[in-house]
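Colleague: Please take a close look at one part of this model for me, and connect that part to its surroundings as you go.

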Amino acid sequence: MITNHLKVERAKRNLTQAQLAQLVGVSRQTINAIEKRKLVPSTLVALKLSRCFETSVNNIFELDGKPQEKKAS
């Protein structure tokens, strides 16, 4: 699962979901679904969000849990 800090980043800049959606080129419902963790954004949308917030994708989105270890053959 992916955790995101989209709502926090959006609030820091006093942007509504609709305003952010317009900047990124998606619907307000898409922003809402991402914030509620009902939708994982495409790579393109994640990159557009990071550009909009002038930060890295990793500062907005994080993987939950530990990385899986590879099994020895």
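Modeller: I will start with the contact of α2 with α3 and then work outward from there.

This is a predicted model, in which local features need pLDDT of at least 70 and side-chain atom pairs count only at pLDDT 80 or more, whereas totals for chains, interfaces and linings use all residues. Residues are numbered from 1 along each chain as its sequence is written, and side-chain values rest on heavy atoms, with hydrogens and water left out.

For orientation, the protein has 5 helices and 2 strands, and these follow the pattern β-α-α-α-α-α-β along the sequence; helices (H or I, at least four residues) and strands (E, at least two) are DSSP runs numbered from the N terminus.

Helix α2 covers residues 17-24 and helix α3 residues 28-35, and their axes come within 8 Å and cross at roughly 105°. Here the axes are lines fitted to C-alpha atoms, for helices over the stretch in contact, and angles run from 0 to 180 degrees between N-to-C directions. The two helices are therefore roughly perpendicular to each other, on a scale where angles under 35 degrees count as roughly parallel, over 145 as roughly antiparallel, 65 to 115 as roughly perpendicular and the rest as oblique. On the α2 side the contact is made by Q17, A18, L20 and A21, and on the α3 side by R28, I31, N32 and E35, where contact means heavy atoms within 4.5 Å. By type, these residues divide into 4 nonpolar, 2 polar and 2 charged; Ala, Val, Leu, Ile, Met, Phe, Trp, Tyr, Cys and Pro count as nonpolar, Asp, Glu, Lys and Arg as charged, and the others, Gly among them, as polar.

Within this contact, Q17 of helix α2 deserves its own description. Q17 is buried, with a relative accessible area of 13%, buried meaning under 20% relative accessible area, exposed over 50% and partly exposed in between (1.4 Å probe, protein chains only). Not counting residues up to four places away in sequence, Q17 touches R10, R28, I31, N32 and E35. Q17 and T30 are 13 residues apart in sequence, and their C-alpha atoms are 9.0 Å apart in space.

Two of the residues that Q17 touches, R10 and E35, also pair with each other. R10 forms a salt bridge with E35, the closest N and O atoms being 2.6 Å apart, where a salt bridge is a side-chain nitrogen of Lys or Arg within 4 Å of a carboxyl oxygen of Asp or Glu. This pair links distant parts of the chain, since R10 lies in helix α1 and E35 in helix α3, 25 residues apart. R10 counts as buried at 12% relative accessibility, and E35 is also buried, with a relative accessible area of 15%.

By this rule the count comes to 4 salt bridges, and another of them joins K12 to E9, with the closest N and O atoms 3.3 Å apart. Both of these residues lie in helix α1 (residues 6-12), 3 residues apart, or about one turn of the helix. K12 is exposed, with a relative accessible area of 58%, whereas E9 counts as buried at 10%.

The nonpolar side of the contact leads on to the largest nonpolar core, a nonpolar core being a set of buried Ala, Val, Leu, Ile, Met, Phe, Trp, Tyr and Cys residues joined through side-chain atoms within 4.5 Å. Of its 13 residues, L6, L20, I31, L49, F53, I60 and F61 touch the most other members; L20 and I31 also belong to the contact of α2 with α3. Helices α2, α3 and α4 (43-53) each supply at least two residues of this core, and α4 gives the most, with 4 residues.

From the core, I60 reaches back toward several parts of the chain: leaving aside its neighbours within four places in sequence, I60 is in contact with T3, N4, H5, L6, L49, S50, F53 and T55. Among these, S50 is found in helix α4 and is buried, with a relative accessible area of 9%.
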